[in-house]
Amino acid sequence: MKLNRFTKYLIVFAITLLSTTALNYTIFVRAQEPPEVQSPQSEATPVAPESIFMSQLPSWARLVDIRKVNPNIRLDIRYATANNFLKRKLYSQAKCALRSSVAQKLSLVQTDLEKIGLGLKVYDCYRPFSVTKQMWEFLPDPNYVANPARGSRHNRGAAVDLTLVDRTGKELEMPTPYDDFTEKAHGDYQGGSAQSRKNRQVLKDAMKKQGFIGITTEWWHFDSEDWQKFAILNVSLSEIP
């Protein structure tokens, strides 16, 4: 069958258009791929103990020192001392590290609280997986210590233990001290003083506003609502800049 010049032109144009569209589509799909963040694992095997792993992540997913994000947040990192339920030092240094996006949200909590004359004091943030295993050996109770079979949200750099302080840095009254493994530490405990329950609610509301979720057994523990995005790590605190 003979084709006239106009028909041939249409065929060539159609082939060119389809080729260009296919090429552009491929480029578009690659550009829209999600960041290379490891998904949570069913088994709590550390994803990458090497510090170089951090440099391969997008900036919002890297572990950062909270004091470099907001130096007004006070620290009392208990596992860097013997003042904890294991009665021994577990961290090489007193540092609160969090995923960058989580740290930015915690900074917003601090800013909000400063408007009413309060602030945050942090007890624990990112926790290396190896430390979680030590805790489980000492207290194998999933109500208070994460089972290494699943790992901890602390291991993901997406959880924080903390309390409220006034302008001078003095801790506000709460229903219990930190790491109290009784029902008095539960988020719905109705005993204790009215002021302690009020302070607990102020902390909960401030954290919830910026995307943190509390748990039932510990008034001091909050998870970033997007914790599932982050993988379990065993990076040493000393390797986090």
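**Strands and rings**

Guide: Threonine 163, in strand E5, has lysine 121 standing opposite. The model is predicted, so local features need pLDDT of at least 70 and side-chain atom pairs 80 or more, while totals for chains, interfaces and linings use all residues. Residues are numbered from 1 along each chain as its sequence is written, and side-chain values use heavy atoms, leaving out hydrogens and water.

Visitor: What makes E5 a strand?

Guide: Strands are DSSP runs of E with at least two residues, and helices are runs of H or I with at least four, both numbered from the N terminus. E5 covers residues 159-166.

Visitor: How do you know that strands E4 and E5 pair?

Guide: Pairing requires at least two bridges found by DSSP. E4 (residues 118-124) and E5 are joined by 6 and run antiparallel, so they count as paired. E5 also pairs with E7 (residues 221-224), in the antiparallel sense, over 3 bridges.

Visitor: Why is the pair of tyrosine 144 and phenylalanine 181 called tilted?

Guide: Rings of Phe, Tyr and Trp (its six-membered ring) pair if their centres lie within 6.5 Å; planes under 30 degrees apart are stacked, over 60 edge-to-face, and the rest tilted. Here the centres are 4.9 Å apart and the planes 50 degrees, so the pair is tilted.

Visitor: Is tyrosine 144 buried or exposed?

Guide: Buried means under 20% relative accessible area, exposed over 50%, and partly exposed in between (1.4 Å probe, protein chains only). Tyrosine 144 has 17%, so this residue is buried. Phenylalanine 181, at 27%, is therefore partly exposed.
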